[in-house]
Amino acid sequence: MRSTRGTRLASIAVASALFMEFLDSTALSTALPTLSVAFGTDPVHLKLALTSYILALAVLAPASGWIADRFGPRRVFMTAMVVFLAGSVLCGFSQSLAQLVASRTLQGLGGALMTPVGRLIVVNSAPREKLVSAMSWFTMPALVGPLLGPPLAGFILGVADWPWIFFINVPVGLLGMWAVARFVPPLKQPDPGPFDTKGFAIAVVAITALMGAAETVGIGLVPWPVQVGITLVAVGALAAYVRHALRTPRPVLNLRLFQVDTFRASMMGGALVRIGLGATPFLLPLLFQVALGWGPLEAGLVTIGTGLGAFMCKPVAPALIRRVGFRQTLVASNLLTAALTAVPAFFGLGTPIPFIIVTLVCSGFMRSLQFTATNTVAYADLPKEAVSNGSTIAVVTQQMALSVGISFGGLMLHVARGGGDVRLTPDRFVLPFLAIGMVSSLAGPLFRRLRPDAGEHIGGRAAARG
């Protein structure tokens, strides 16, 4: 049994990977208006730089659990960090949107192994009764990324050129690799058996087509017959994979885990909330810098409110969940998260900056509480041998939801502009923010179906009452 300090150090070391990912994505979001000028393209089309990463991550992620079990979580994790750093360097040297998308795809291949394998290390290293605390330490350093990403990007864009928002990952990644090698122990995993090659191939087609359909629908990137064809392929491949997974003893994504109510609520409810999470970093920089005319540094300094609120939540989340339980935490935080996600719809030229900052801080706090509870309760009732596959499904589901969120936000913005290249003014953002807030609120009924004592044995509530 590892000590609490050892578990905490392992969680923080692994979280260095998430720190890189969040630092990179939030910095890139802040730099989107600058990149649109550098590459001579519409800011809305630059969502490809965000979704290409998520697509690569979601496509490879189904194999991550098997790869970790076969070659060892720590070895796979370190290799993934090297791939991510290589992609970061290539992003900095990109000369066009196409090159940037290709380099972001390479980053995504590294991230596809970092995120699920990192979560696997934390879940398997921590005693069940300490899982909420371990997951909080695991995600807390990652929240520094959104805290530092926007102002760091604004500062870099003020004193240097945009490639440096990617080059900054190199020292961070090297330090993280040292921490993982120093504090993360080798973990012995069960024999994963033969790789489900057929299931993986079907899953790749389904995921790629689903995200492709979400990326192209309604914005005129491809002709409508192509959009219909992509959608039909997505639906057909998804149906084929469900049939395959239910007939295969060890599928690459074990859909039988959705029979567990806590896992099902976490995956489905969390996905709806993440649609709002995915759209917000795409929409806010465009609202601040294009519609309101702010500079990158000013926008970045205000946007850190979300990261600051999330960081403030982490130390109190375990005690709060222990006191009121997972079900009540999820229901209440979802209602507030959905409302706060929609509030930027009313930001305009006359909105006081302190009000904007307070809104973003509160939004970050509630989202952090929601995701701490959602990410942890997923493993409450899974047997130990299913944790690896559960972690893989979690990452695929979460990343697809984030991608859909970005695409949905882009679609709503496209609709608000009347389908043309109309100038982005504050009123064009009313529909997008209200829409993503409404979608996020749909998770509430799913959380209400959980039993009142769901996850008590991992949240520490049962022990506290005893």
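Helix 16 sits largely inside the predicted model: 26 of its 30 residues are buried, so the helix is largely enclosed by the rest of the structure. Its length works out as one would hope. Spanning residues 387-416, helix 16 should cover 44 Å at 1.5 Å a residue, and its end C-alpha atoms lie 43 Å apart, which agrees. What follows the helix is Gly-418, with a positive phi near 80°.

Helix 10 can be checked in the same manner. This helix takes in residues 224-247, 24 residues in total, and it reaches 35 Å from its first C-alpha to its last, close to the 34 Å expected at 1.5 Å a residue. Which residues of helix 10 are buried? Gln-227, Ala-234, Ala-237, Tyr-241, His-244 and Ala-245 are.

Charged pairs come next. Side chains of opposite charge can pair when their charged atoms come close. A search through the whole structure turns up four salt bridges. In one of these, the side chains of Asp-261 and Arg-451 meet at 3.1 Å, N to O. This pair links distant parts of the chain, with Asp-261 in helix 11 (residues 261-291) and Arg-451 in the loop between helix 18 (443-448) and helix 19 (456-459), 190 residues apart. Asp-261 is partly exposed, at a relative accessible area of 25%, and Arg-451 is partly exposed too, at 31%.

Arg-451 also has a salt bridge with Asp-381, where the side chains meet at 3.4 Å, N to O. Arg-451 belongs to the loop between helix 18 and helix 19, while Asp-381 belongs to the loop between helix 15 (353-377) and helix 16, so this pair ties together parts that are 70 residues apart in sequence. With 29% relative accessibility, Asp-381 counts as partly exposed. A further salt bridge joins the side chains of Asp-427 and Arg-428, at 3.9 Å, N to O. Asp-427 is partly exposed, with a relative accessible area of 49%, and Arg-428 counts as partly exposed at 23% relative accessibility. Which residues end up in one network? Shared partners in salt bridges join Asp-261, Asp-381, Arg-451 and Asp-453.

Cysteines tell a shorter story. A disulfide is a covalent bond between the sulfur atoms of two cysteines. How many disulfides does the model have? The count comes to zero. As for the surroundings of individual cysteines, Cys-91 counts as buried, at 0% relative accessibility, whereas Cys-362 counts as partly exposed, at 35%.

Aromatic rings also meet, and the structure holds eleven aromatic pairs. One of them brings together Trp-162 and Phe-166, whose ring centres are 6.3 Å apart and whose planes stand at 90°, so the pair is edge-to-face. Are these two residues, Trp-162 and Phe-166, buried or exposed? Both are buried. Phe-258 and Phe-263 make an edge-to-face pair as well, because their planes stand at 75°, with the ring centres 5.5 Å apart. Phe-258 is partly exposed, with a relative accessible area of 24%, but Phe-263 is buried, with a relative accessible area of 0%. Elsewhere, ring pairs link Phe-288, Trp-294, Phe-347 and Phe-355 into a cluster.

Now for the surface. Phe-155, Val-159, Leu-297 and Leu-301 together make a nonpolar surface patch of about 390 Å². Which helices supply the patch? Helix 6 (131-159) and helix 12 (296-313) each supply at least two of its residues. Leu-297, for example, lies in helix 12, and this leucine is partly exposed, with a relative accessible area of 38%.

A last stop is Lys-188, placed in the loop between helix 8 (169-183) and helix 9 (197-216). At 81% relative accessibility, Lys-188 counts as exposed. How far apart are Lys-188 and Asn-124 in sequence and in space? The two are 64 residues apart in sequence and 9.8 Å apart in space, C-alpha to C-alpha.

Technical notes: Residues numbered from 1 in each chain as written. Heavy atoms only, no water. Patch = residues over 30% accessible without salt bridge, like charges linked within 9 Å, V, L, I, M, F, W, Y side chains within 5 Å. Areas by Shrake-Rupley, 256 points an atom, 1.4 Å probe, with all protein chains shown as cover. Helix = DSSP H or I, 4+ residues; strand = E, 2+ residues; numbered from the N terminus. Buried < 20%, exposed > 50% of the residue type's maximum accessible area, 1.4 Å probe, protein only. Expected span 1.5 Å × (residues − 1). Disulfide = S-S within 2.5 Å. Phe/Tyr/Trp six-rings, centres within 6.5 Å; stacked < 30°, edge-to-face > 60°.
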